[in-house]
Amino acid sequence: MSFTKNHIITTLKILSICTVACTVICSCGTREGSFSKKELSLILSGDSSTLMRVLTIENKADSLLLRRPSLLLSEREIASDTYKLLAKRLVTTVSDSTVDGVGLAAPQVGILKRVVAVQRYDKEGAPFEVYPNIRITEYSAEKQTGREGCLSVPDTSGIVERAQSVVISYTCPQTLETVNDTVQGYTAVIFQHETDHLDGVLYTDKLYCE
Ligand code: ZN
(Lines give C-alpha, C1' and ligand atoms only; values in the text may rest on other atoms or scores of the structure.)
Protein backbone atom coordinates (compact mmCIF):
# COMPACT_ATOMS: atom_id res chain seq x y z
CA MET A 1 0.00 0.00 0.00
CA SER A 2 2.77 2.31 1.00
CA PHE A 3 4.72 1.39 -2.13
CA THR A 4 1.63 2.02 -4.27
CA LYS A 5 1.07 5.44 -2.69
CA ASN A 6 4.71 6.44 -3.20
CA HIS A 7 4.59 5.07 -6.71
CA ILE A 8 1.53 7.24 -7.48
CA ILE A 9 3.18 10.33 -5.96
CA THR A 10 6.36 9.70 -7.99
CA THR A 11 4.31 9.22 -11.16
CA LEU A 12 2.42 12.46 -10.49
CA LYS A 13 5.71 14.30 -9.94
CA ILE A 14 7.10 12.98 -13.25
CA LEU A 15 3.87 13.96 -15.03
CA SER A 16 4.09 17.39 -13.45
CA ILE A 17 7.70 17.84 -14.64
CA CYS A 18 6.72 16.65 -18.13
CA THR A 19 3.86 19.18 -18.21
CA VAL A 20 6.22 22.01 -17.22
CA ALA A 21 8.79 20.88 -19.81
CA CYS A 22 6.10 20.70 -22.51
CA THR A 23 4.85 24.18 -21.61
CA VAL A 24 8.39 25.56 -21.89
CA ILE A 25 8.95 23.85 -25.26
CA CYS A 26 5.53 24.94 -26.56
CA SER A 27 6.09 28.55 -25.54
CA CYS A 28 9.28 28.68 -27.62
CA GLY A 29 7.38 29.15 -30.87
CA THR A 30 6.96 25.53 -31.95
CA ARG A 31 3.18 25.41 -31.76
CA GLU A 32 1.02 25.91 -34.85
CA GLY A 33 -2.35 27.63 -34.90
CA SER A 34 -4.96 29.10 -37.21
CA PHE A 35 -6.03 32.72 -37.28
CA SER A 36 -8.66 33.15 -34.57
CA LYS A 37 -12.03 34.75 -35.35
CA LYS A 38 -10.87 37.97 -33.71
CA GLU A 39 -7.62 37.93 -35.72
CA LEU A 40 -9.52 37.31 -38.98
CA SER A 41 -11.81 40.21 -38.16
CA LEU A 42 -8.81 42.49 -37.50
CA ILE A 43 -7.01 41.50 -40.71
CA LEU A 44 -10.14 41.74 -42.86
CA SER A 45 -11.21 45.09 -41.35
CA GLY A 46 -9.52 47.03 -44.16
CA ASP A 47 -7.75 46.68 -47.49
CA SER A 48 -4.01 46.53 -48.16
CA SER A 49 -3.67 50.31 -47.87
CA THR A 50 -5.47 50.57 -44.52
CA LEU A 51 -3.39 51.09 -41.38
CA MET A 52 -3.76 48.66 -38.48
CA ARG A 53 -3.91 49.93 -34.91
CA VAL A 54 -0.59 49.41 -33.15
CA LEU A 55 -0.95 48.07 -29.60
CA THR A 56 0.98 49.93 -26.89
CA ILE A 57 2.04 49.24 -23.33
CA GLU A 58 0.04 52.31 -22.28
CA ASN A 59 -3.16 50.27 -22.67
CA LYS A 60 -3.59 47.46 -20.11
CA ALA A 61 -5.28 44.96 -22.46
CA ASP A 62 -2.68 45.72 -25.17
CA SER A 63 0.22 45.30 -22.75
CA LEU A 64 -1.05 41.86 -21.68
CA LEU A 65 -1.39 40.71 -25.29
CA LEU A 66 2.10 42.01 -26.15
CA ARG A 67 3.50 39.62 -23.51
CA ARG A 68 1.93 36.49 -25.01
CA PRO A 69 3.89 34.09 -27.25
CA SER A 70 2.88 33.84 -30.91
CA LEU A 71 2.06 30.66 -32.84
CA LEU A 72 3.39 29.30 -36.12
CA LEU A 73 1.16 29.36 -39.21
CA SER A 74 0.35 26.28 -41.31
CA GLU A 75 1.52 26.22 -44.95
CA ARG A 76 -2.13 26.44 -46.00
CA GLU A 77 -2.56 29.68 -44.08
CA ILE A 78 0.67 31.19 -45.42
CA ALA A 79 -0.67 30.51 -48.93
CA SER A 80 -4.03 32.13 -48.09
CA ASP A 81 -5.34 35.52 -49.18
CA THR A 82 -5.75 36.37 -45.49
CA TYR A 83 -2.01 36.01 -44.90
CA LYS A 84 -1.23 38.04 -48.04
CA LEU A 85 -3.50 40.84 -46.78
CA LEU A 86 -1.90 40.72 -43.32
CA ALA A 87 1.57 40.96 -44.88
CA LYS A 88 0.57 44.01 -46.95
CA ARG A 89 -1.16 45.72 -44.03
CA LEU A 90 1.89 45.18 -41.79
CA VAL A 91 4.07 46.96 -44.36
CA THR A 92 1.48 49.72 -44.85
CA THR A 93 1.35 50.26 -41.10
CA VAL A 94 5.09 50.23 -40.36
CA SER A 95 6.02 52.39 -43.36
CA ASP A 96 3.34 55.01 -42.61
CA SER A 97 5.04 58.38 -42.61
CA THR A 98 3.64 59.29 -39.20
CA VAL A 99 5.31 56.34 -37.45
CA ASP A 100 8.37 55.88 -39.67
CA GLY A 101 9.18 52.43 -38.27
CA VAL A 102 11.83 49.97 -39.48
CA GLY A 103 10.08 46.80 -38.30
CA LEU A 104 6.77 45.52 -36.99
CA ALA A 105 5.72 42.18 -35.52
CA ALA A 106 2.22 40.72 -35.97
CA PRO A 107 1.42 40.72 -32.22
CA GLN A 108 1.90 44.50 -32.27
CA VAL A 109 -1.28 44.70 -34.34
CA GLY A 110 -3.10 42.07 -32.27
CA ILE A 111 -2.20 38.99 -34.34
CA LEU A 112 -0.46 36.35 -32.20
CA LYS A 113 1.31 34.64 -35.10
CA ARG A 114 5.04 34.39 -35.91
CA VAL A 115 5.14 37.01 -38.67
CA VAL A 116 7.36 40.10 -38.86
CA ALA A 117 7.91 42.94 -41.33
CA VAL A 118 11.52 44.12 -41.50
CA GLN A 119 13.14 46.90 -43.49
CA ARG A 120 16.12 45.28 -45.23
CA TYR A 121 18.77 47.98 -44.95
CA ASP A 122 21.25 45.40 -46.24
CA LYS A 123 19.45 45.28 -49.62
CA GLU A 124 19.41 47.87 -52.37
CA GLY A 125 16.54 50.31 -51.88
CA ALA A 126 16.00 49.09 -48.27
CA PRO A 127 12.71 47.30 -49.06
CA PHE A 128 10.28 46.06 -46.41
CA GLU A 129 9.94 42.28 -46.44
CA VAL A 130 7.57 40.04 -44.47
CA TYR A 131 8.67 36.73 -42.93
CA PRO A 132 6.21 34.06 -41.78
CA ASN A 133 7.19 31.43 -39.19
CA ILE A 134 10.41 33.25 -38.44
CA ARG A 135 12.84 32.29 -35.72
CA ILE A 136 16.48 32.96 -35.04
CA THR A 137 18.53 29.76 -35.00
CA GLU A 138 22.00 31.22 -34.32
CA TYR A 139 23.34 34.33 -32.58
CA SER A 140 26.93 35.42 -33.14
CA ALA A 141 29.23 35.72 -30.14
CA GLU A 142 30.25 39.13 -31.41
CA LYS A 143 27.97 41.86 -30.06
CA GLN A 144 26.84 45.34 -31.06
CA THR A 145 25.07 47.98 -29.01
CA GLY A 146 22.69 50.60 -30.29
CA ARG A 147 19.68 52.73 -29.45
CA GLU A 148 16.27 51.17 -30.04
CA GLY A 149 12.72 52.38 -29.91
CA CYS A 150 9.45 50.56 -30.42
CA LEU A 151 6.07 51.56 -31.83
CA SER A 152 4.48 49.73 -28.88
CA VAL A 153 6.55 51.68 -26.31
CA PRO A 154 5.84 55.29 -27.31
CA ASP A 155 8.06 58.30 -26.78
CA THR A 156 11.15 56.59 -25.38
CA SER A 157 14.28 54.74 -26.47
CA GLY A 158 17.17 52.87 -24.90
CA ILE A 159 20.49 51.16 -25.55
CA VAL A 160 20.36 47.41 -26.15
CA GLU A 161 23.13 44.87 -26.72
CA ARG A 162 22.46 42.52 -29.64
CA ALA A 163 24.34 39.90 -31.63
CA GLN A 164 26.33 41.33 -34.55
CA SER A 165 24.85 38.68 -36.86
CA VAL A 166 22.09 36.10 -36.71
CA VAL A 167 20.87 33.15 -38.75
CA ILE A 168 17.16 33.42 -39.48
CA SER A 169 14.85 30.58 -40.48
CA TYR A 170 11.43 31.20 -42.05
CA THR A 171 8.91 29.82 -44.51
CA CYS A 172 9.18 31.31 -48.00
CA PRO A 173 5.63 32.57 -48.78
CA GLN A 174 6.05 31.68 -52.48
CA THR A 175 7.59 28.19 -52.34
CA LEU A 176 6.53 27.32 -48.75
CA GLU A 177 10.07 25.94 -48.29
CA THR A 178 12.08 26.64 -45.15
CA VAL A 179 14.77 29.22 -45.86
CA ASN A 180 17.86 29.97 -43.77
CA ASP A 181 19.73 33.24 -44.16
CA THR A 182 22.51 35.09 -42.33
CA VAL A 183 21.87 38.74 -41.54
CA GLN A 184 24.36 41.24 -40.15
CA GLY A 185 24.61 44.72 -38.68
CA TYR A 186 21.63 47.02 -38.17
CA THR A 187 19.30 44.71 -40.11
CA ALA A 188 20.24 41.90 -37.69
CA VAL A 189 19.21 44.20 -34.83
CA ILE A 190 15.79 44.73 -36.41
CA PHE A 191 15.31 40.97 -36.81
CA GLN A 192 16.28 40.38 -33.16
CA HIS A 193 13.95 43.14 -31.91
CA GLU A 194 11.00 41.89 -33.97
CA THR A 195 11.41 38.18 -33.24
CA ASP A 196 11.60 39.03 -29.52
CA HIS A 197 8.04 40.39 -29.88
CA LEU A 198 6.94 36.90 -31.01
CA ASP A 199 8.06 35.56 -27.63
CA GLY A 200 6.41 38.39 -25.69
CA VAL A 201 9.74 40.14 -25.07
CA LEU A 202 10.18 43.92 -25.39
CA TYR A 203 13.48 45.77 -25.85
CA THR A 204 12.88 47.43 -22.46
CA ASP A 205 13.51 43.96 -20.90
CA LYS A 206 17.06 44.10 -22.29
CA LEU A 207 18.23 47.66 -21.64
CA TYR A 208 22.04 47.76 -21.59
CA CYS A 209 22.65 51.20 -20.09
CA GLU A 210 21.38 54.76 -20.28
ZN1 ZN B 1 9.10 46.79 -31.06
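How many nonpolar, polar and charged residues are in the lining of the second largest pocket? The answer is six nonpolar, two polar and five charged, and you'll meet that pocket again in one of the close-ups below. One thing to keep in mind as you look around: this is a predicted model.

**View 1. The whole chain, before zooming in.**
Start with the full picture: six helices and nine strands make up the secondary structure of the chain. There are 210 residues in the chain, and 44% of them are buried. Now look at who touches whom. Taking the contacts in the chain with a separation of 6 or more, 69% are between residues 24 or more positions apart.

**View 2. The zinc ion and its protein donors.**
Here we zoom in on the zinc ion, which has Cys150 (SG), His193 (NE2) and His197 (NE2) as its protein donors. They lie 2.1 to 2.2 Å from the ion. Read along the chain, the donors follow the spacing C-x42-H-x3-H. Cys150 belongs to strand β5 (residues 143-150) and His197 to helix α6 (residues 185-198), so this pair ties together parts that are 47 residues apart in sequence. Both Cys150 and His197 are buried.

**View 3. The largest pocket.**
Next up is the largest pocket, with a volume of about 290 Å³. It has 16 lining residues, and the ones closest to its centre are Val102, Glu148, Gly149, Cys150 and Tyr186. You've already met Cys150 as one of the zinc donors. Two elements, β5 and α6, give two or more residues each to the lining of this pocket. Helix α6 provides the largest share, six residues. Sorted by class, the lining has six nonpolar, six polar and four charged residues.

**View 4. Val189 in helix α6.**
Stay with helix α6 for a moment and find Val189. Is Val189 buried or exposed? Its relative accessibility is 11%, so Val189 counts as buried. Setting aside neighbours within four places in sequence, Val189 is in contact with Gln144, Glu148 and Arg162. Glu148 should ring a bell, since it is among the residues closest to the centre of the largest pocket. Val166 is another residue to look for: from C-alpha to C-alpha, Val189 and Val166 are 8.8 Å apart in space, and they are 23 residues apart in sequence.

**View 5. The second largest pocket.**
Back to the pocket from the opening question. About 250 Å³ of space lies in the second largest pocket. Its lining is made of 13 residues, with Lys38, Leu42, Leu55, Leu65 and Gly110 nearest the centre. Helices α2 (37-43) and α3 (60-66) are the elements that give two or more residues to this lining. As for the mix, this is the lining with six nonpolar, two polar and five charged residues.

**View 6. Asn133, in a loop between two strands.**
Asn133 sits in the loop between β3 (128-132) and β4 (135-139). Although it is in a loop, Asn133 counts as buried, because its relative accessibility is 12%. Its side chain reaches the backbone nitrogen of Leu73 at 2.7 Å. Which residues is Asn133 in contact with, once neighbours within four places in sequence are left aside? They are Leu72, Leu73, Ile78, Arg114, Ser169, Tyr170 and Thr171. There's something to spot in the backbone too: phi of Asn133 is near 55 degrees, a positive value in a residue other than glycine. Most residues other than glycine have a negative phi.

**View 7. Ala126, with another positive phi.**
Ala126 is not a glycine either, yet its phi is positive, about 45 degrees. Look for Ala126 in the loop between β2 (115-119) and β3. With a relative accessible area of 18%, Ala126 is buried, because the cut-off is under 20%.

**View 8. Thr93 in helix α5.**
For the last stop, head to helix α5 (residues 81-94), where you'll find Thr93. Thr93 has 4% relative accessibility, so it counts as buried. Which residues does Thr93 touch, not counting those up to four places away in sequence? The list is Thr50, Leu51, Met52, Val54, Val99 and Leu104.

Terms used:
Residues numbered from 1 in each chain as written. Predicted model: local features only at pLDDT ≥ 70, side-chain atom pairs only at ≥ 80, totals over all residues. Heavy atoms only, no water. Helix = DSSP H or I, 4+ residues; strand = E, 2+ residues; numbered from the N terminus. Buried < 20%, exposed > 50% of the residue type's maximum accessible area, 1.4 Å probe, protein only. Polar contact = N/O pair within 3.5 Å; in protein donor to acceptor, adjacent residues only side chain to side chain. Contact = heavy atoms within 4.5 Å. Donors = N, O, S within 2.8 Å, 3.2 Å for Na, K, Ca; no water. 1 Å grid on protein atoms, 1.4 Å probe; cavity = no way out; pocket = protein on both sides within 12 Å on 5 of 7 lines; lining within 4 Å. Points joined across faces, edges and corners; volume = space filled by probe spheres on them. Nonpolar A, V, L, I, M, F, W, Y, C, P; charged D, E, K, R; others polar.
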